[in-house]
Each structure stands twice: as C-alpha cells, then as structure tokens.
Amino acid sequence: MITTGSNSPIKNTSYQVVLPFYGYAAVSFLIATLLILSSTSAFTEHYFNPPTLAITHTMALGWGTMIILGASHQLFPVLIEGKLHSDFLAYLSFIFASLGIPILVYAFYKFNMGGIALFGGTLINLAVISYLINLWLSISNTQSKNVHAIFSLTAVLWLLTTTLLGLLLVWNFTTNIFAENSVHYLSLHAHIGIIGWFLLMIIGVGSRLIPMFLISKYENEKQLWWVYLLINAGLISFIFIFFLSLDTTIYLIPIALIGAGVLLFGNHIYHSYAKRIRKKIDEQVQISILSVAMIIVPMIVLTSIVLFFTMVNSKQLVLLYGFTIFFGWITAIILGMTFKTMPFIIWNKVYSTKAGLGKTPNPKELFSNKIFIANGITYLIGFIIFSFGIIQSNVFILNIGAIFLLITAVLYNFNVFKILFHKAKSNEY
Amino acid sequence: MNIKTNNSEKLELALTNLYHVMDPEIDLNIIDLGLVYEIYFDEKSNNIMVEMTLTTQFCPMGESILESTAQAMKQSFPEHEIHVNLAFEPPWNQSMISEAGLNFLNS
C-alpha cells in the first residue's frame, strides 16, 4: 500500500478549472489579430471608433484578462499559501466571462450601445464578482496575508472598478447618467484597468514567481510594499486629477509615482536575478523578465503625450500608447508565461498518475520550442512594424505588421492546442 | 545530503531509485534538491515512512512529486507499505541543495 501526503495541504486547483481560460484566451488573441488585419485603416483615425473598441476589448478581456484569470486560479495557492476556495466560483467566472466578452465585443463592433452591450457588460461584471468572492474567501481562509496576496486582491478590486465603470459608460451612451459623454471618461476607465488591474496583478504574481523560477536568495518584502504604495498612490492621484480637471502637465505626478514603483519593481527583479542559484534560465523566463521591462515603452509614449500634447499629432501617440500596452507589454508577458505554466498543468493532468512508473517527458517537451522561438520573432517584427505604421498613419505598413501579428497568433495557438491535446503514448507504460 | 534514517543500508537502496525522482520545473532530483528529510524503516509493521518537503508550499507539481517518490520507494521495497508525508518545518531553503545539485544549477 502506498499513501502520500496524508497530512498534505497541497490539493491543487483542478486543471479542468484552469484550462478553458487558456484555450479561450488563445482563440481571442487569434480573433483580435484577424480583427486588426481587417481594420488597419481604423488605426489611422481617431482612437474612438468601433473596430478599435472591439479590438481593445478583445485584447484586454478575451486575451489578457482571461489568461490571467486562468493562470491565477492555478497560482493563487502558491501566492496566498492556501487553497483556492471554490472550483464552482471559478467555473462560474469562466461561464459569465466567456459569454459576456463576445457579446460586448460584437456590440462595440456594430456600435450598438443598447441592450446587447449592457447585457455583455453585466455578464462580465458577474464574472469579476465571482472571481473576487473566490479570491477573497481563499485569502480569508489562510493565515498568511503576504504582500503578493494583497497585490492580487487589490488588483481584482481595481478590475471590478474598471468593469463597473465600463458598464456605466455603456449605459451613459443611451441614458445620461454622467455629466459628460462617455468618451470623456475613457482614459479613466482604461487607466484603472491598465494600472490597477494589469500592472498590480503582474507585479504581484511576478514578484513571487520570477524569484521562485530563478531559485533566488533575494527577499525584500518591504521593497514590494513600497512598490504597492507608489503604484496605488499614482493611480488614486490620477483619478483625483482627472475629476478636478487640472492642467495636463499635473499628470506627470501620477506618471512619476507609478514610474518610481515600476523602477523599484525592476530593482527587485534585478537583485533576484543577481542572487539566483539557477544560472541557466530557460527562454520562457528570459522572455518574461524582458517583457515585464517592456512597460517602459508605453510609459515613455505616455510621458510624450503629456509633455508634447499640443505640439504633435496626439491621435497617433494615443493609439501607439494603447497598442504598446495591449500588443506590447501584456502580449509579450503572456507569450512567455503561457509556456512556463500551461505545460506543467497538462503534465500534472496526464502524468501525475503515471509518476514513477516509467520515463515521463519533461513538461517543456509538450510544446515545440522551435515554434515558440519563431513565435517570438514574428511577434517582435509585427509589433515593431505595426507601431511604425501607427506613427506614419500608413495602411500598407499597418497591413504588413498585422500579417506578422496574425502569424504570431497562429503559431501561438498551434503550440497552445498541441499542449492542450497532449496524451501519453500508450507504449510508455 | 542530510537524510535522517534508522537504517543506513536500506537508505542506500532507497536512494538508487529516489535519485530518479525529479522536480519537473527545476529538472533536478529530489535528493540533490534536499527535499527528503527522513526515511524511517519500521521492521515490525513492515512500514516505511518518508518525510519530505517541497520547494514551496502549494507547489503545483507537489502531488506528482509525492506520487513519484512513493512509486520509487515501492520499486526498492515492493513488500513494504510506503507512507510519504509532507513537512514544512523546517521550510525548504537553498542551503539544503547538495554540492552536486548546486553544480548542476550553476552549469
């Protein structure tokens, strides 16, 4: 008789909870690149237009948010040092989001801000509320209230603020509930999402996982608390400045606070890297570290917008800013981290019952590394060319960039579904 | 390697298979990682107790590593009952990695 872990608290989140999020996100990325290829001319116009709205929300919700929701259900136990409270709430979150996102995106694409958009937005809010309750109860059940857990919980609260505000903005299109029209509040909605949700969550998870992958001796929780304070202070000051309608240059204050937080986080990662035991780092972690640093690109663009607002064509800079966030920073992180998390989930699913009974492949062998590298190359080419196309307002250049981004999405989907459908060879056991 | 035991000879036999149990993420075996704290052989009850840890609590690969450890022990001692228990006291840290493990990670 064999017994394992009789006093073990390590019952992990079921793969059945996590994997649908990964599959959904991969398909969303493919759809977003198809939308971008069919709407390149929209990137020469004002940023508030139906295709741009549809693409942005496919990227922000279908791609970025869905993969974070999936990965975080798996990684929360590591972050909060406790079990995920409920698989049911996780399923519920997936069902609401997976229905709500395409409905909302369709409504934006057709610019139908009536009942359809409201219905889609409501479903998305229900998904976020399910997720928040699950995380809240998971943290409540643990004794450890560490900085990573607080980062995650705060990020989800900001996510709910973003999606609720988004829903109200949709409503405001047909019923005047705000003093100004919805377009006026777009930057508020976008920045609460980008800084409050994506940045806080990425730092909360990254500050735990990157040192873990590096097997680093470096620990500095106090520094991470400073990062937390600076970024939240930056975001809250931004909200105040927005509502007080202060001079544009005052926005340099939140930029400086958030920038200082990001630099401090960079310093944390640098020291983790310098004090690592594991010298040979795989490509997935290398790309993840590099992509975290890519937040610098949109921050430079944003500073340029604030400083040179009246001197240059800000329309292009605003589009470039959004593009460098969703197709730059967030996409680069996901392209790297997918292959650092997903193969292990599938490996556990396929081989945990076969452990010790024969030779099992390494999780890295579950996807093609050649395609992973090709994916990185096409992505970088596409990102650079498309960014150049936005600056030049040139549809031909934008089309070339969009084709490379589409190839990136196809290669990414190939590897993701290769992992998803992986089965053990019958002659191995 | 600093594994507590009450039977050094049987420990040697156990190690031959435990050296093949890997942490899939780090790609290093559990012995050189320093995950195994104690192996106790209870001859009267025919039980073997393995006390081990993980590099982090709630490690996503934890269940597989425990299962692999149990299977490896069963291969060495097919007539025994194997019990693998997790311990997080003391918590694992980098100083528990063996010289060979450090050389592998530094290469």
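**A friendly note on the two-chain model**

1. A good place to start is a loop of chain B: B:Pro90 sits between strand E6 (81-86) and helix H4 (99-106) of that chain. The peptide bond leading into this proline, from B:Glu89 to B:Pro90, is cis, with omega near 0°. Please keep in mind while reading that this is a predicted model.

2. Two other loop residues are worth a look for their backbone angles. In chain B, B:Asp27 lies in the loop between strand E2 (22-23) and strand E3 (28-29). Its phi is near 65°, a positive value in a residue other than glycine. With a relative accessible area of 33%, B:Asp27 counts as partly exposed, because that class covers values between 20% and 50%.

3. The other one is in chain A. Between helix H7 (221-244) and helix H8 (252-274) you will find A:Ser245 in the connecting loop. Here, too, phi is positive in a residue that is not glycine, with a value near 50°. A:Ser245 has a relative accessible area of 58%, so it is exposed.

4. Now to the meeting of the chains. On one side 38 residues of chain A take part, in contact with 36 residues of chain B. The size of an interface is often given as the accessible area lost when the parts come together. For chain A and chain B the buried area is about 3400 Å², and 57% of it falls on carbon and sulfur atoms.

5. What polar links cross this interface? Eight residue pairs are in polar contact between chain A and chain B, counting pairs with both residues at pLDDT 80 or more. Two salt bridges are found across the interface. A salt bridge joins the side chains of A:Lys340 and B:Glu25, at 2.7 Å from N to O.

6. Several elements of chain A build its side of the contact: strand E1 (2-4), helix H2 (50-80), helix H6 (186-214) and helix H11 (314-351) each supply at least two residues. The largest share, four residues, comes from H11(A). By residue type, the side of chain A that touches chain B divides into 15 nonpolar, 14 polar and nine charged.

7. Finally, look inside. The largest nonpolar core has 177 residues, and those with the most contacts inside it are A:Trp197, A:Trp329, A:Tyr412 and B:Ile39. H11(A) gives the most to this core, with 23 residues. Leaving aside neighbours within four places in sequence, A:Tyr412 is in contact with residues including A:Phe29, A:Trp63, A:Ile334, A:Leu335 and A:Asn375.

Conventions:
Residues numbered from 1 in each chain as written. Chains lettered and ligands numbered in written order. Predicted model: local features only at pLDDT ≥ 70, side-chain atom pairs only at ≥ 80, totals over all residues. Heavy atoms only, no water. Contact = heavy atoms within 4.5 Å. Buried area = accessible area lost by both parts, 1.4 Å probe. Salt bridge = Lys/Arg side-chain N within 4 Å of Asp/Glu carboxyl O. Polar contact = N/O pair within 3.5 Å; in protein donor to acceptor, adjacent residues only side chain to side chain. Nonpolar A, V, L, I, M, F, W, Y, C, P; charged D, E, K, R; others polar. Core = buried A, V, L, I, M, F, W, Y, C linked by side-chain atoms within 4.5 Å. Buried < 20%, exposed > 50% of the residue type's maximum accessible area, 1.4 Å probe, protein only.
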